[in-house]
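Visitor: Could you take me on a close look at one part of this protein, the place where aromatic rings come together, and show me how it fits into its surroundings? I would enjoy one connected account.

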Amino acid sequence: MKSTPLSLIAGVVALAAVTGFAALTVPGDDGATEAKAAARLPVERSSLLCPAPSTSDLAETTYTSFTPAAKDGPKDGTAELKAAEALPADEDEPADGKTGDADDKADADDKKKTDADDKEKAADSKPVVSLKDLGKPVTAETSKSGAPALIGTATDRFAPGWTTQQTTTAAAGGARGLLGVSCTAPDTDFWFPGASTGASRQDYVHLTNPDDTAAVADIELYGAEGPLKSDVGEGITVPARSSVPLLISTLTGEAAENVTVHVTTRSGRVGAVVSAAEDEVGSDWLAASADPAGTQILPGIPADATSVRLVAFAPGEDDADVKVQLLGKNGTFSPAGNDTLHIKSQMTASVDLKNVTRGEPGSLRLTPTDGSRTPVVAALRVVRGTGAKQEVAFIPATGPVGERATAADNRAKGSVLSLTAPGKTAKVKVTASAGSEGGEAAVKTYTVKGGTTLEVTPEAPAGLKGGYALTVETESGGPVHAARTLTIPEGGIDMFTVQTLQDDGGTVEVPEAEQDLSVLDD
């Protein structure tokens with residue numbers, strides 16, 4: 001039997017660290033070498049995509065990028081976000097009969113345009129955000145109308161747990177509000193319950209392609225009566241390293257108040273997120289729901305919510321019947337008159353839970369009532385305030401924080417952390433990082449009682465200057481789901497946005513072969 005080179009083994013370990021998956025078969029062996037998950041290694045590369053923030057002249061956007069501190073690991077690496085490429089405009093056809101001086105002038109104009117384009121491309125190639133240190137966020141700001149989407153990569157020491165948040169304050173206009181979104185990793189499948197094609201909403205789905213070849217995406221829409229007819233939602237080309245925003249209402253002729261958007265790719269991969277603007281209420285980003293599952297957790301409903309709407313969808317062939325429960329400050333209960341929800345297959349269901357939290361923080365749990373565990377996706381539309389002082393945000397179903405999760409953009413005032421333990425009691429460690437412009441990290445441990453939601457105002461870093469990141473780590477007990485609410489007063493309105501915290505995937509399991517492959521005899 002031939003020996004297996006050490007370089008092959010090293011290659012398997014590197015593949016797992018980059019992709020999260022690796023398999024090894026010994027040459028001449030009838031089956032794969034038995035392996036076991038013996039260790040977790042830090043990932044060596046991460047990708048993030050941020051959508052184009054706003055077209056408003058009154059909008060101001062802050063990007064906050066962060067990688068948690070690590071005790072050991074690689075010394076090198078980068079974490080940079082750069083502008084996506086602008087889509088080329090259609091060039092005008094030359095006028096017939098241009099001769100002599102007209103041709104010369106046209107050539108000169110073309111050269112000026114080319115020089116200007118080259119300068120703009122050079123500027124766009126520079127990083128918009130670039131990390132310098134672990135455990136300390138870096139921020140960048142823009143008030144530029146039509147600022148581009150961002151495409152980013154982190155390598156080596158900056159890759160494990162790399163997180164970036166985009167926060168936009170739009171003080172006035174149809175898109176007024178505080179719009180926050182955690183920049184997403186590229187993928188091939190996204191679910192967005194909670195979108196709309198109604199007359200009062202202007203919802204866009206943003207598709208961003210990080211790769212050097214074009215991606216092709218399909219968009220399916222589902223309303224209360226089933227699929228919405230669309231002749232233009234298939235075969236959407238997203239050019240290489242570019243971003244395409246699509247007004248959802250233009251993809252169908254049917255108006256529906258509650259819509260589930262399903263984005264898939266035929267080729268390539270994209271980042272996807274929905275921007276939602278509602279007349280006289282406000283605007284925010286709607287992030288993708290957790291993958292379809294029988295049980296879903298939607299954490300972080302503010303205590304002062306004046307209106308909460310649950311939107312859910314069953315993508316399979318079977319209907320779903322789910323129990324609706326609120327995990328409150330002191331225990332779990334079902335909202336009066338809304339303890340269950342029937343979700344017909346491939347039809348979007350919704351229920352108005354009104355001011356379900358009644359002055360106390362809470363989180364929603366959906367579980368099967370019949371034991372069938374029919375998978376569903378879900379999101380909440382949450383309103384605070386009344387009348388002209390309303391503001392809206394969205395909370396998608398989300399997975400647990402797992403080993404570690406981070407919300408990157410926090411300010412000296414206005415951040416509230418919601419921690420939910422849907423099962424067993426759990427203990428978590430919360431780290432407020434050093435400030436982007438100064439300050440020392442602060443660490444505090446919290447115990448979250450099973451079946452409850454704990455809302456805390458994080459302890460800000462000592463001597464804080466600038467913004468800071470919040471990192472949550474599970475120390476013991478059952479799974480914990482988390483969300484961070486950021487509130488910024490503007491024009492007499494408490495504008496707010498809610499971001500859920502999901503496991504940052506900073507480490508991957510690397511299998512350890514049962515055989516010592518380096519000493520196999522020829």
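**A cluster of rings and its surroundings**

Guide: Gladly! Of the 522 residues of the protein, 49% count as buried. Please keep in mind that this is a predicted model. Its secondary structure comes to 2 helices and 38 strands. Sequence-distant contacts matter for our tour: among contacts between residues at least 6 apart in sequence, 82% join residues at least 24 apart. The accessible surface of the protein comes to about 24000 Å², and 48% of that belongs to carbon and sulfur atoms.

Now to the rings. A search of the whole structure finds 3 aromatic pairs. One of them is formed by W191 and F313, whose ring centres are 5.5 Å apart. Their planes stand at 35°, so this pair is tilted; the tilted class covers angles that are neither under 30 degrees nor over 60. W191 sits in strand β10, residues 189-195, while F313 sits in strand β20, residues 305-313, so the pair ties together parts that are 122 residues apart in sequence. W191 counts as buried because its relative accessibility is 9%, under the 20% limit. F313 is buried too, with a relative accessible area of 1%.

F313 has another ring partner, Y222: here the centres lie 4.7 Å apart and the planes make an angle of 45°, so this pair is also tilted. Once again the link is between distant parts of the chain, since Y222 belongs to strand β12, residues 215-223, and lies 91 residues from F313 in strand β20. With a relative accessibility of 8%, Y222 counts as buried. Taken together, ring pairs link W191, Y222 and F313 into a cluster.

What holds the strands of this region in register? Strands of a sheet pair through backbone hydrogen bonds, either parallel or antiparallel. Strand β10, which carries W191, pairs with strand β16, residues 259-267, in the antiparallel sense over 6 bridges. Within that pairing, A195 stands opposite V259 in β16. Strand β12, where Y222 is found, is joined to β16 by 7 bridges, and these two strands also run antiparallel. Y222 itself stands opposite T260 in β16. Strand β16 is therefore a shared partner: β10 pairs with it, and so does β12, while W191 in β10 and F313 in β20 form the ring pair described above.Just past the end of β10 we come to S196, in the loop between β10 and β11 (201-208). S196 counts as buried, at 3% relative accessibility. Leaving aside neighbours within four places in sequence, S196 is in contact with R201, D203, A256, E257 and V259. V259 is also the residue that stands opposite A195. A polar atom of the S196 side chain lies 3.2 Å from the backbone oxygen of A256. S196 and L221 are 25 residues apart in sequence, and their C-alpha atoms are 9.6 Å apart in space.

A few places elsewhere in the model are useful for comparison. R384 lies over the face of F496, at 4.8 Å from the ring centre. Another sheet is open and made of 4 strands in the order β2-β7-β4-β5, with antiparallel pairing. Its edge strands are β2 (45-50) and β5 (129-130), each of which pairs on one side only. Strand β4, residues 79-83, is joined to β5 by 2 bridges, and the two run antiparallel. Across that pairing, E80 stands opposite S130 in β5.

Two backbone angles may also catch your eye. Phi of R241 is near 50°, a positive value in a residue other than glycine. R241 is in the loop between β14 (236-238) and β15 (243-247), and it counts as partly exposed at 26% relative accessibility. Phi of K354 is near 55°, again positive in a residue other than glycine. K354 is found in strand β24, residues 348-354, and is exposed, with a relative accessible area of 54%.

To come back to where we began, the cluster brings together W191, Y222 and F313 through ring pairs.

How values were computed: Residues numbered from 1 in each chain as written. Predicted model: local features only at pLDDT ≥ 70, side-chain atom pairs only at ≥ 80, totals over all residues. Heavy atoms only, no water. Phe/Tyr/Trp six-rings, centres within 6.5 Å; stacked < 30°, edge-to-face > 60°. Buried < 20%, exposed > 50% of the residue type's maximum accessible area, 1.4 Å probe, protein only. Lys NZ or Arg CZ within 6 Å of the ring centre and 35° of its normal. Contact = heavy atoms within 4.5 Å. Polar contact = N/O pair within 3.5 Å; in protein donor to acceptor, adjacent residues only side chain to side chain. Areas by Shrake-Rupley, 256 points an atom, 1.4 Å probe, with all protein chains shown as cover. Pairing = 2+ DSSP bridges.
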